[in-house]
Every structure is written in structure tokens, then in C-alpha cells.
Amino acid sequence: MFYLGIDLGSSSVKVALVEAETGKSLGVVKEPESEMPISATKKGWAEQAPETWWKYCCKAIHKVINTCEVSASDILSIGIAYQMHGLILVDKNGKVLRDSIIWCDSRAVENGNKAFHKLGASYCYNHLLNEPGNFTASKLDWVKENEKELYDKAYKFLLPGDYIAYRFSNEMNTTVSGLSEGIFWDFKSDSVSKELLQTLGLSNALVPKLVDTFEEQASVSKKGAEESGLLAGTLISYRAGDQPNNALALNVLKPGEIAATCGTSGVVYAVTDSITTQGNSKINSFAHVNYKQNAKRSIGKLLCINGAGILYRWLWHNLDVASYDEMNKLAREVPIGSDGLLLFPFGNGAERMLMNKDIGTRILNLDLNRHNKAHLCRAALEGIAFAFAYGMEAMDLDNNNASTIKAGDDNLFQSKTFSETMTALTGKTIHIHRTTGAIGAARACTIALNGYETFTSYFKNDVVTKFDVPSNTAPYHQVYENWKKELKNIIKI
């Protein structure tokens, strides 16, 4: 018997099958093979069609079933991970009213600023644990202000994972973790924030029904079965945003543990049991997957860098190189510091750790007589690692110190140059685990059905490799200090 996991990203949908007994992955497929389009009709905007997500989700499910040669009748349950902070509006018939405003869209920054001032810093930090920022609630407020006729037609708002679950089951629901990532959750009252809804003039009727992160949330309907290739009645027993899910996929559940990932964006995710915040707007706090209402709280402190792996992908598309492996080999030909070349990877929307500024990607000190594509590759990897270290300095202000970072083996942490730079600057060993977001979402199904003990047993012999802190970190710190100095100058412009 098997579990099926879905990881809905902004570039692709990944689907994994794992053995229910052992958690062993049978295979992971991706659709599309290239990338899903992102519509950016105005500067700072980013939208995707939810129907496109569903189409590729169904295509990937058919592919993984055929590739792994299993029967849909042997799939016990579905777990869903998804790109966070997106907004989907549907009418009473479940029809999508507009394309989704996704995570890297910056249009609602001003709405979030206004909400912060109206609600007050004390309420935002002590009840929401965040500034409203550019999250789902602010995006919904933007629609109300700018597309009122459409807003009035809306029956419910959904997060991306909620929409996929709806397409499977024809049921509209969400989770506490999901509402907290949208900044709808009041951690003091342990309920949807009435103050936020009232302050923004948002209807409480738009909030979907709550279900637990780990439970039989819904089951596949007849229509969902016909489109997806799964059997009607197959359970949906897990749902979480991609970053809490990545932490779960690495078995990061306890206070003091840290998970990291570097795909299109870069994320550091630290778990704490404290619902207090230092008013540090560079770091966001959300209900972790194992958060329980009216019980001991589990909070994920999240540092997000919008512009991270997307820079490396941009270089790949624009340099005459065959693969990321070739780029990584080129980077190793260049010494630490890339002979003075500095890259700043902030070109994918407003950056929360830069106080919601969108400064774009910058290349400094490019010498046309000395620097080549190898220098660009190294400087990009270093620049992304520097951005991580810069953000983690702010995270350490919230007392989230740990000696080890856990990461999966399917992103930029596979690069020796990147991982070595990270360990040198943070002083933390990096453990690379053989897992992915889709595998984690599949494995998570067992928690609702069999409990955490079975889930934890899946992690035996999962560590692929580790990167220890180099004996001489001084060269890395010297370049990093130069990078930070230049960043401060850029931010002032």
C-alpha cells in the first residue's frame, strides 16, 4: 500500500509515491518538465491560473502511477504541500473568479502597511505574531479595494493547497497553519482574528471551514477521481504550506531545530514553542504543522528570501552551460570571493528581510577583462549564501540558535560551494537528507492514520552527507563583510 504526496510550487508540481510501511520513495515526477508560466502584467505583480496547477497535478499523478506501476486502488491517502501566501477567490459553484495572486506578488505591500498602522504594532506582534505585510489577508484587501465587483461575487478565499484539495473533493476547507500564513490567525484567542477582519472590512463568511493538519480532511469525489486517476473515496489526510512541510519532511518538529531550503526562493525555518515575538518584521512566525489549538504551541519562525535559486536558474538560462552541475564545477575553478565580483540575488519581488523593498538583482565590480562565466557562477552562489547569512543574523535576534541545519538533497544545497559558504558564515553544520517536499507530504499521511512514531521511523538512514564548518572561515567572512557594506549602500539609494 502507498501514500501519494503533492508539492505544488510556482515553477512545477511534483508528485511522489512512498511505501506506507517503510516510507521508502518509489519515485517522484514533475510536471511540466520546463516551468509553469507566471503572469506579470505590471511591475511587482505575479499571478498564476489555479486551473493550470490542477491540470499538471492530474498529469503528474497519472505519470507517477504508470511509472511506478502501481494501482490507484493501492493508494491509501493523499498529502498536499503548496506554495504559501497565495490568494484564490471562488464563487458558490467553486468557479475561480480571477487568477491567483501568488507568494512573490508585491502589489499589496501598501495594504499591509495600512493594516499594520490601523491595528497597531502591539496587536500585530502579540496576536498575529507578524505585520500583515504582503500576505494573503493584504492581497484580499487589495482585491476588495481594486476589484470590488469581483470581491462581492466571492464565496470563499482559498490558499493554493486548499484549492487542490477542493478539486479533489469538492469540499472547501483550510487549516490553522494555512490561516496563520495568511495572517488571519489570532494566537492569543486561538481563533480567526476578528480584529483584522473588522479593521480591513473583510467578511468572515469568506473564511473556509477549519480542519486539522493531520486528519481525514476530505475524500476524493467522483469528479476528482475521473480527472486525477485516483479512486473515489481516497482520503486527503494532510495539508501544509511548502515551508512547514519542508521542515516536516526533514523531521524538524521540536524547538531548537532548523530546516532550510533553496529552490526558487530561499528559506530558513526554525521551530520554537514561544508565541512571543521581538517585533522583528524581517522574520515571520506561523503555526507549525504540529500546532494544536488550546494546547502547547509549536511555532515556525520563517526567514524567506524571494530572490535565491531563481538567480542561479536565470544564469543557467542565459549562460552557455548545459546543466547546474557544469555551473557548480565552473564555480569551483574560482577562489573564494570571486575575484571581487559581488552579486545580490534580490530580483524576485519585495524582500521582507529588506523591509519589503524591491531593490532588484545587482552585479557589482564586474571587470570585463578578468571575469568570466565561472566568476558569475561562484559570485551567484556566494551572493545567495550571503543573503541567507544576512537573514539569519536577524533570526538569531529571536533566540533561534541551533548547531545544525537540515536540508533536502533536491536544491541548491547540493552545491559544495554554496553549502561550504553557508557553514563558514553561520557556524552550523549542514546535514543533507534524502527527501523532498513531495516525499515529505506523502510520508505525512501516516501521522493521521498511524501517529508520529511511524512517521519518525521513516527517517532511518536518510542522511546523505554533511558539510562541516571549515577550519579557516576568515576568507568567507571578509568577502561577506564587503557584501554587507555594499548592500547597505544599495538599500539607501
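## Around Q48

Let's start with a residue that has plenty of company. Leaving out residues up to four places away in sequence, Q48 touches G9, S10, M36, P37, I38, W53, Q83, D99, S100 and I102. The model you are looking at is a predicted one, and in this model Q48 sits in strand β4, which covers residues 47–48.

Is Q48 buried or exposed? Its relative accessible area is 2%, and a residue counts as buried when that value is under 20%, so Q48 is buried. One of its neighbours deserves a second look: a polar atom of the Q48 side chain lies 2.6 Å from the backbone oxygen of S10.

## Around I384

Now move along the chain to helix α13, which spans residues 373–396 and contains I384. With a relative accessible area of 0%, I384 is buried.

Which residues does I384 contact, once neighbours within four places in sequence are set aside? They are C262, A308, G309, L311, Y312, P345, L412 and F418. For a sense of distance, try finding G349 as well: I384 and G349 are 35 residues apart in sequence, and their C-alpha atoms are 15 Å apart in space.

## The largest pocket

Next, let's look at the open spaces. The largest pocket has a volume of about 1,200 Å³. Its lining is made of 47 residues, and those closest to its centre are K14, G263, T264, D410 and N411. By class, this lining has 16 nonpolar, 22 polar and 9 charged residues.

Several helices and strands help to build the lining of the largest pocket. At least two residues each come from β1 (2–8), β3 (25–31), α10 (242–249), β15 (258–262), β18 (299–305), α11 (309–318) and α12 (324–331). Which element gives the largest share? That is α11, with 5 residues.

## The second largest pocket

The second largest pocket has a volume of about 410 Å³. It is lined by 19 residues, and A40, W45, G347, N348 and G349 lie nearest its centre. Sorted by class, the lining holds 8 nonpolar, 7 polar and 4 charged residues.

## An enclosed space

How many cavities of 30 Å³ or more does a search of the whole structure find? The search finds 1. The largest cavity holds about 30 Å³ of space.

The residues lining the largest cavity are W103, N134, N306, A350, R352 and N356. They divide into 2 nonpolar, 3 polar and 1 charged.

Key: Residues numbered from 1 in each chain as written. Predicted model: local features only at pLDDT ≥ 70, side-chain atom pairs only at ≥ 80, totals over all residues. Heavy atoms only, no water. 1 Å grid on protein atoms, 1.4 Å probe; cavity = no way out; pocket = protein on both sides within 12 Å on 5 of 7 lines; lining within 4 Å. Points joined across faces, edges and corners; volume = space filled by probe spheres on them. Nonpolar A, V, L, I, M, F, W, Y, C, P; charged D, E, K, R; others polar. Helix = DSSP H or I, 4+ residues; strand = E, 2+ residues; numbered from the N terminus. Buried < 20%, exposed > 50% of the residue type's maximum accessible area, 1.4 Å probe, protein only. Contact = heavy atoms within 4.5 Å. Polar contact = N/O pair within 3.5 Å; in protein donor to acceptor, adjacent residues only side chain to side chain.
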